[in-house]
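Walk through this model with a focus on its charged and polar side chains. Keep the viewer open while reading.

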Amino acid sequence: ADGAERLMNGQRFDALIFPRQWARGMFLELPETDRISVILAQLSAFPACGSLWLEVVDTNDGKELSNFCKKFEAPLRKALMQAGKLVDDPRKPRLLLTFKSGREVFLGLADADNSAMWPMGIPRLKFPREAPSRSTLKLEEAWHHFIPRDQWDERLSGDMTGVDLGAAPGGWTYQLVRRGMLVTAIDNGPMAESLMDTGLVQHLMADGFTYKPRHPVDWMVCDIVEKPARNAALLETWLGEGLCREAVVNLKLPMKQRYAEVRRLLDRIEEGFQARGVRVSIGCKQLYHDREEVTCHLRRLDVAKAARK
């Protein structure tokens, strides 16, 4: 575990692209009965922890274990508190129990501020009934992942402007409108009438890869299904030319060598901005609501807030 601890201390979890969760520890076989005593004995060498998460593998078999975990958590939590292994202190590490089956569990530790934001890396987001498509959850999750919650009022404020490339029917536009932004939706397809009725959306039937706004905007978002290099080029153009301050763009993954391709594109993007002399922060994550794609978030660090036109 020493090597795992050094690795985790030297790496930010939120900078990793594909992992949904991590922890350092070991697997433990459990008996059919009195599992808690066996777990407590193994935890004797563990430090006291500030929180407890019970997780399962995100498979069909894992989902069947969810009910077991719900019933098991309360007595386990009580026993851990009585043994002094679980205390009310957010500065202490999180205890993660990942059940592979009712007879096998991974006992792990992770720093609460350097691991997944949610158990199993699954955000508890509710699909809004008025949203035109379920893709809306991808953008909402991206904001949770890339933007600290205490900065939402500043960086996602209602006096901002945004552009949604490949917008129809409006799943991502919905999230911008929900924050009160004026949105230009670019797509040759129809937009949901409910969004157009808000008066906050201008729909332009144009090509998302060639459209450029007359005035800089605060946000550009794009979920166009296209080769990842083309979507990556949009990031270079929009932020490099100062067309927006922040952007969220999805990159569709190839069938093979996915990490290598994503890494190549991110390196190219970073080199492009360095050549322009433009300072940006770059984040990339395969979010829970992503499927065959990753989500990139870029923010210019040297551009003032756009004026609302």
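## Charged pairs and a buried histidine

Lys 138, Asp 223, Lys 252 and Glu 293 are joined in a network of salt bridges. The model is a predicted one. Across the whole structure, a search finds 22 salt bridges. Three further pairs are worth a look, each with its own setting.

Start with Asp 218 and Arg 245. They form a salt bridge, and their closest N and O atoms are 3.3 Å apart. This pair links distant parts of the chain. Asp 218 sits in strand β8, residues 217–222. Arg 245 sits in strand β9, residues 244–252. The two residues are 27 apart in sequence. Are these partners buried or exposed? Asp 218 has a relative accessibility of 1%, so it counts as buried. Arg 245 has 15%, so it counts as buried too. The cut-off for buried is under 20% relative accessible area.

Now take Asp 89 and Arg 91. Their side chains meet in a salt bridge at 3.1 Å, N to O. Here the partners fall into separate classes. Asp 89 is buried, because its relative accessibility is 14%. Arg 91 is exposed, because its relative accessible area is 75%.

Glu 32 and Arg 35 make another such pair. The N to O distance in this salt bridge is 3.9 Å; the limit for a salt bridge is 4 Å. Glu 32 has a relative accessible area of 52%, so it is exposed; the exposed class begins over 50%. Arg 35 has 16% relative accessibility and therefore counts as buried.

Next comes an annotated region. An unreviewed UniProt entry places the annotation "domain: Ribosomal RNA large subunit methyltransferase M THUMP-like" on residues 34–109. Over residues 34–109 the chain is 39% helix and 26% strand. The end C-alpha atoms of that stretch are 22 Å apart.

Finish at His 297. It lies in strand β11, which spans residues 293–300. Which residue does the His 297 side chain meet in a polar contact? The partner is the side chain of Glu 246, at 2.7 Å. His 297 is buried, because its relative accessible area is 4%. What surrounds it? Leaving aside residues up to four places away in sequence, His 297 touches Phe 146, Arg 155, Trp 219, Glu 246, Ala 247, Val 248, Ser 281, Ile 282 and Gly 283. Glu 246 thus appears both as a contact and as the polar partner.

How values were computed: Residues are numbered from 1 along each chain as its sequence is written. This is a predicted model: local features need pLDDT of at least 70, side-chain atom pairs count only at pLDDT 80 or more; totals for chains, interfaces and linings use all residues. Side-chain values use heavy atoms; hydrogens and water are left out. UniProt positions are given in the numbering used here, feature names are shortened, and annotations may be inferred rather than shown by experiment. Helices (H or I, at least four residues) and strands (E, at least two) are DSSP runs, numbered from the N terminus. Buried means under 20% relative accessible area, exposed over 50%, partly exposed in between (1.4 Å probe, protein chains only). A polar contact is a pair of N or O atoms within 3.5 Å; within protein, one must be able to donate a hydrogen and the other to accept it, and residues adjacent in sequence count only if both atoms are side-chain atoms. Contact means heavy atoms within 4.5 Å.
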